[in-house]
Amino acid sequence: MTSSAPVRVRERMFWCRADALAVWVAHVVEEIRGVGAAPEWLQALEQDWSVAAGFPDFGLHWDPESNHDLTVMAGVCSAALLRASAAGDLTAERLCRWEILDGMTVAGGNDGHPVEVDRVLEVGAAFRGLVDGTFPADPPERHWFLGTGEGPQPTDR
């Protein structure tokens, strides 16, 4: 899987490698599942984003209803970054065994390709930046592209 996918929170967005997004979203989903008495909106995201982790090509869009939702998600993202860092690089074999929903693997198993942790953390940090408002402004008439492990790159997408 070498496709790209858009990620949008409210009006801000970036593009990224779909495989890195899938792994990032799977870590977020697992963090949400660990939240005791999660609010209804967070439970709904867990369901929607579980599917997105299996089929990341469609990207991810979230339009939170309140600033409080952003604060909650920023905490989930921080925990998911720690989870992703601890998980390290994901081999193709590990991806094929990581089911996010019954019978659905993360990134569809990524066609037998590994996903390096530095690419996942790059996407995760950018997503958290969209959530907490620290993501850098877009380059003039362009967007950022992430998930390559080389930092944000300008793109015309």
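Me: Which residues does R128 touch, not counting residues up to four places away in sequence?
Reply: Keep in mind that this is a predicted model. R128 lies in helix 5, and at 27% relative accessibility it counts as partly exposed. Leaving out residues up to four places away in sequence, R128 touches A74, C77, S78 and L81.

Me: How far apart are the C-alpha atoms of R128 and S78?
Reply: S78 is one of the residues that R128 touches. Along the chain the two are 50 residues apart. Their C-alpha atoms are separated by 7.5 Å.

Me: Let's zoom out. What pattern does the protein follow when read along the sequence?
Reply: The secondary structure comes to 5 helices and 7 strands. Put in order along the sequence, they give β-β-α-α-β-α-α-β-β-α-β-β.

Me: What radius of gyration does the protein have?
Reply: The C-alpha atoms fill a box of roughly 40 × 35 × 25 Å along the principal axes. For 157 residues, a compact globule would come out near 15 Å. The protein agrees with that, because its radius of gyration is 14 Å.

Me: What share of the contacts with a separation of 6 or more comes from residues 24 or more positions apart?
Reply: For some background, 50% of the 157 residues count as buried. As for the contacts with a separation of 6 or more, the share from residues 24 or more positions apart is 67%.

Me: And on the outside, what part of the accessible surface belongs to carbon and sulfur atoms?
Reply: The accessible surface of the protein comes to about 7,500 Å². The part that belongs to carbon and sulfur atoms is 51%.

Me: How far apart are the mean positions of the positive and negative charges?
Reply: The protein has 12 positive and 24 negative charges. Take the mean position of each set, and the two points are 3 Å apart.

Me: How many salt bridges does the count come to?
Reply: Side chains of opposite charge can pair when their charged atoms come close. The cut-off here is a side-chain nitrogen of Lys or Arg within 4 Å of a carboxyl oxygen of Asp or Glu. By this rule the count is 9.

Me: Which residue forms a salt bridge with R83?
Reply: The closest N and O atoms of this pair are 3.2 Å apart. The bridge links distant parts of the chain, with R83 in helix 3 (residues 67-87) and its partner in helix 1 (residues 18-33), 53 residues apart. R83 is partly exposed at 32% relative accessible area, and the partner is partly exposed too, at 24%. That partner is E30.

Me: Is E46, which pairs with R33, buried or exposed?
Reply: E46 and R33 meet in a salt bridge with an N to O distance of 2.7 Å. E46 lies in helix 2 (residues 40-54) and R33 in helix 1, so the pair ties together parts that are 13 residues apart in sequence. R33 is partly exposed, with a relative accessibility of 40%. E46 has 11%, and since the cut-off for burial is under 20%, E46 counts as buried.

Me: About how many helical turns separate E93 and R97?
Reply: The side chains of E93 and R97 meet in a salt bridge, 2.9 Å from N to O. Both residues are exposed. They sit 4 residues apart in helix 4 (residues 92-97), so their separation is about one helical turn.

Me: Which residues are linked in a network of salt bridges?
Reply: Salt bridges here can do more than make a simple pair, as one network shows. Its members are R17, D19, E116 and R119.

Me: What phi does R10 have?
Reply: R10 is found in the loop between strand 1 (4-9) and strand 2 (12-17), and at 29% relative accessibility it counts as partly exposed. Most residues other than glycine have a negative phi. R10 is not a glycine, yet its phi is positive, near 55 degrees.

Me: Where is E141?
Reply: E141 is another residue with a positive phi of about 55 degrees although it is not a glycine. At 83% relative accessibility, E141 counts as exposed. Its place is in the loop between helix 5 and strand 6.

Me: How far is the C-alpha atom of P140 from that of F58?
Reply: P140 lies in the loop between helix 5 (117-132) and strand 6 (143-146). P140 is exposed, with a relative accessible area of 72%. P140 and F58 are 82 residues apart along the chain, and their C-alpha atoms are separated by 25 Å.

Definitions and conventions
Residues are numbered from 1 along each chain as its sequence is written. This is a predicted model: local features need pLDDT of at least 70, side-chain atom pairs count only at pLDDT 80 or more; totals for chains, interfaces and linings use all residues. Side-chain values use heavy atoms; hydrogens and water are left out. Helices (H or I, at least four residues) and strands (E, at least two) are DSSP runs, numbered from the N terminus. Buried means under 20% relative accessible area, exposed over 50%, partly exposed in between (1.4 Å probe, protein chains only). The radius of gyration is taken over C-alpha atoms; the globule rule is 2.2 Å times the number of residues to the power 0.38. Contact means heavy atoms within 4.5 Å. Accessible areas come from the Shrake-Rupley method with a 1.4 Å probe; for residues, only the protein chains shown count as cover. Lys and Arg count as positive and Asp and Glu as negative; His and the chain ends are not counted. The place of a charge is taken as NZ of Lys, CZ of Arg, CG of Asp or CD of Glu.
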